[in-house]
Amino acid sequence: MTEFWNEGDPIADTAAPDGPIETRWERRQFGAKLVNPANRRKLTVIVVGTGLAGGSAAATLAEAGYHVKSYCYQDSPRRAHSIAAQGGINAAKNYRNDGDSIYRLFYDTVKGGDFRARESNVYRLASVSVNIIDQCVAQGVPFAREYGGLLDNRSFGGTQVSRTFYARGQTGQQLLLGAYQAMERQIGLGNIEMNARHEMLELIVVDGKARGIVVRDLVSGEITTEMADAVVLASGGYGNVFFLSTNAKGCNVTASWRAHRQGALFANPCYTQIHPTCIPESGTHQSKLTLMSESLRNDGRVWVPLSQEDKRNPSDIPEEDRDYYLERIYPAFGNLVPRDIASRAAKNVCDEGRGVGPGGLGVYLDFADAIKRLGRKAVAEKYGNLFEMYERITGEDPYKTPMRIYPAVHYTMGGLWVDYDLQSTIPGLFVVGEANFSDHGANRLGASALMQGLGDGYFVLPNTISNYLAAGPFEKVDQDHAAVRQAREAVQERLQKLLSIDGDRTVDSFHRELGHIMWEYCGMERTEEGLLKAIGLIRGLKEEFWQRVKVPGTGEQLNQNLEKAGRVADFFELAELMCIDALHRRESCGGHFRAESQTPDGEALRNDEEFSYVAAWEYYGADGKPTLHKEDLDFEYVHPSTRSYK
Ligand SMILES: Cc1cc2nc3c(=O)[nH]c(=O)nc-3n(C[C@H](O)[C@H](O)[C@H](O)COP(=O)(O)OP(=O)(O)OC[C@H]3O[C@@H](n4cnc5c(N)ncnc54)[C@H](O)[C@@H]3O)c2cc1C
């Protein structure tokens, strides 16, 4: 397959300490260089993104005394996409005394990620999880409590313990308000310079180090260059490459992609999480899909009619004519199997013609038993706002009739490659939260993204970045430095190009078509034939985009078409790399299911012999191909085994 990529040298994570896993993080912290508090004031750090990862990082760095410049494209930092997170955040507190521990969270996460994540990172994530809850409680985050006053927990897929902390169905919102207030305190003190409605459009690299960014003021259109001693990207995930996803409409890959073009390797781009419980698509008018939190699978039972011919109302279908297929196939985990497994199982029953609702693309999520067992009031207390949201969107009352759900794109495990210090392959460029690839392997367990974002921002990055900054402050870079000028001019030229095409197709129509190609050939199931077809289609569509796209308006004003056009242009390049990554990985693992690699009973078949590595891609070279660098994964503690949730 070298027609599509080159093989490069292997890559290693040299920042990770070895030795006993329990003390690796402590030893890394002790070994890292520190910056004296008086010197921190002289150092400036740019943080792109104000979601849970960027908000917590900016607040903590400023609290430590660094000067922080923060950017987001929304009108307020607290509108970052993290606010949409519903279900909860994991932590190994073992409040339920049900056998949980840091080791068990570590074990579940490595296994849940289908043995494609680094053990060192995952162990650290599990260790800091307990601090996150303390930090957030101290900030006043109103986590749900039990009658006795203790913080309540619930279960999420892929685990047999209750370790998910939640604030009704608004966990992300409440956590983000905590991080935002911590940021606001530092904005008030003058330590954070907040730049809302500014979009990063390029990374500035000077003498091999990340030294700044080019941003566009989204209201006035002004392009400026912003300099610093280090740059942190906390710009979120790229699920919107599929057009329809549960992500906020604005989520995009531009910040990461620009860094990738400048030399930062992009890891495992094809690992996409498809979430099993979303409201099914209702028509071509739709521009986004809505998630129904996974927490609902704690009490909701998933089923379809036993027979393809059965078109009765769900309430008229007796128990013996129903197939609770997750409970049947996976009795140990039942409705709480991990997301990749639940999504594929839903696809399989729909492919068999047993799906429900319009087009047969749906399965039931039924609360009748839970209401009988717990009472309507208790169910409403746990899930009331989710039920209300479902009713508003579908017009159906889930207290009376089962919800209809179907899988949808939700999260991207891939992202910029980072070492244990969360530093990319460009010195001085750090990446946190969903934008990096670090902790989830091929599949993220529910409630672990919030944990990772806050772990990175509150606890990991503020410690590791000092090791880099200890060599600063770095030499001042003038605005007319050749690298700065070139970066600024490149942004201006690109915007001008987009505006000047003046074609006859909208940006959205291109994006929708690209998303369709991605869902069809690089979605829940991938084949070599389909991926080859997708690469051809994407290349053709990209060419057409640069000839026919119509971007009305000018660059000197608020112009959302121009913003979208730049993002979609980057999605085209990313989409091709995702397909190449999916093509090269001739195994099934987690969120990447290759139809050619399955067991006789249709389960994912991993190939540890050949593919137990992180695929870190270097941007396309002059020959038009990306270069693959492999980082081998070692499993000293959780030995790769066939994942079985039966
Ligand atoms: C509907 C939904 C529900 C979810 N529920 C849960 C849950 O219950 N538990 C869980 O653990 N996870 C959940 N997730 C996943 C989780 O919410 C995300 O992975 C996480 O919030 C990402 O946080 P982040 O800080 O990395 O990025 P985001 O919150 O996406 O923030 C990105 C930030 O970067 C900024 N940005 C991006 N590009 C640029 C640019 N070029 N220039 C300037 N600024 C830029 C944005 O303005 C924004 O401030 C859910 C996801 C969805 C879609």
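In this predicted model, strand β12 (272–278) and helix α9 each supply at least two residues of the lining of the second largest cavity. The volume of this cavity is about 80 Å³. Its lining consists of T272, Q273, I274, D340, S343, R344, N443, M524, G590, G591, H592 and F593. By class, seven of these lining residues are polar, three are nonpolar and two are charged.

The structure holds five cavities of 30 Å³ or more. The largest has a volume of about 140 Å³. Fifteen residues line the largest cavity, and E199, L201, L495, L562 and G566 lie nearest its centre. Four elements, β7, α7, α13 and α16, each supply at least two residues of this lining. Helix α16 gives the most, with five residues. Seven lining residues of the largest cavity are charged, six are nonpolar and two are polar.

Helix α7 (residues 254–261) includes T254. T254 counts as buried because its relative accessibility is 3%, under the 20% cut-off. Beyond its neighbours within four places in sequence, T254 is in contact with M200, L201, G566, R567 and D570. Two of these partners, L201 and G566, are also named among the residues nearest the centre of the largest cavity.

Helix α13 spans residues 482–501. From its first C-alpha to its last, the helix reaches 28 Å, close to the 28 Å expected for its 20 residues at 1.5 Å a residue. Its buried residues are A483, V484, A487, R488, V491, L495, L498, L499 and I501. They pack against three strands, β7 (198–206), β8 (209–217) and β9 (223–227), and against two helices, α15 (528–548) and α16 (560–584). D502 follows α13 and has a positive phi, near 50°.

The largest nonpolar core has 191 residues. I89 and L233 have the most contacts inside this core. Helix α16 gives the most to the core, with 14 residues. Apart from this core lies another, of six residues, including F243, C278, L289 and A408. For I89, neighbours within four places in sequence were again left aside. The remaining contacts of I89 are I132, I133, F143, R163, T164, F165, T171, L175, A447, L450, M451 and L454.

The second largest pocket holds about 500 Å³ of space. It is lined by 21 residues, with L244, E281, L289, H516 and W519 nearest its centre. L289 is also a member of the six-residue core. Strand β16 (403–412) and helix α14 (507–522) each supply at least two residues of the pocket lining. The largest share, five residues, comes from α14. The lining of this pocket divides into 13 nonpolar, five polar and three charged residues.

Y330 lies in the loop between α8 (325–329) and α9 (339–351). Y330 counts as buried because its relative accessibility is 5%, again under 20%. Not counting residues up to four places away in sequence, Y330 touches Y325, V337, I341, E603, Y645 and K646. The C-alpha atoms of Y330 and G360 are separated by 23 Å, and the two residues are 30 apart along the chain.

Notes:
Residues are numbered from 1 along each chain as its sequence is written. This is a predicted model: local features need pLDDT of at least 70, side-chain atom pairs count only at pLDDT 80 or more; totals for chains, interfaces and linings use all residues. Side-chain values use heavy atoms; hydrogens and water are left out. On a 1 Å grid over the protein atoms alone, a cavity is a set of points where a 1.4 Å probe fits but cannot get out, and a pocket is an open set with protein on both sides within 12 Å along at least five of seven lines; lining residues have an atom within 4 Å of a point. Grid points are joined across faces, edges and corners, and a volume is the space filled by probe spheres set on the points. Ala, Val, Leu, Ile, Met, Phe, Trp, Tyr, Cys and Pro count as nonpolar, Asp, Glu, Lys and Arg as charged, and the others, Gly among them, as polar. The expected span of a helix is 1.5 Å times one less than its number of residues. Buried means under 20% relative accessible area, exposed over 50%, partly exposed in between (1.4 Å probe, protein chains only). Contact means heavy atoms within 4.5 Å. A nonpolar core is a set of buried Ala, Val, Leu, Ile, Met, Phe, Trp, Tyr and Cys residues joined through side-chain atoms within 4.5 Å.
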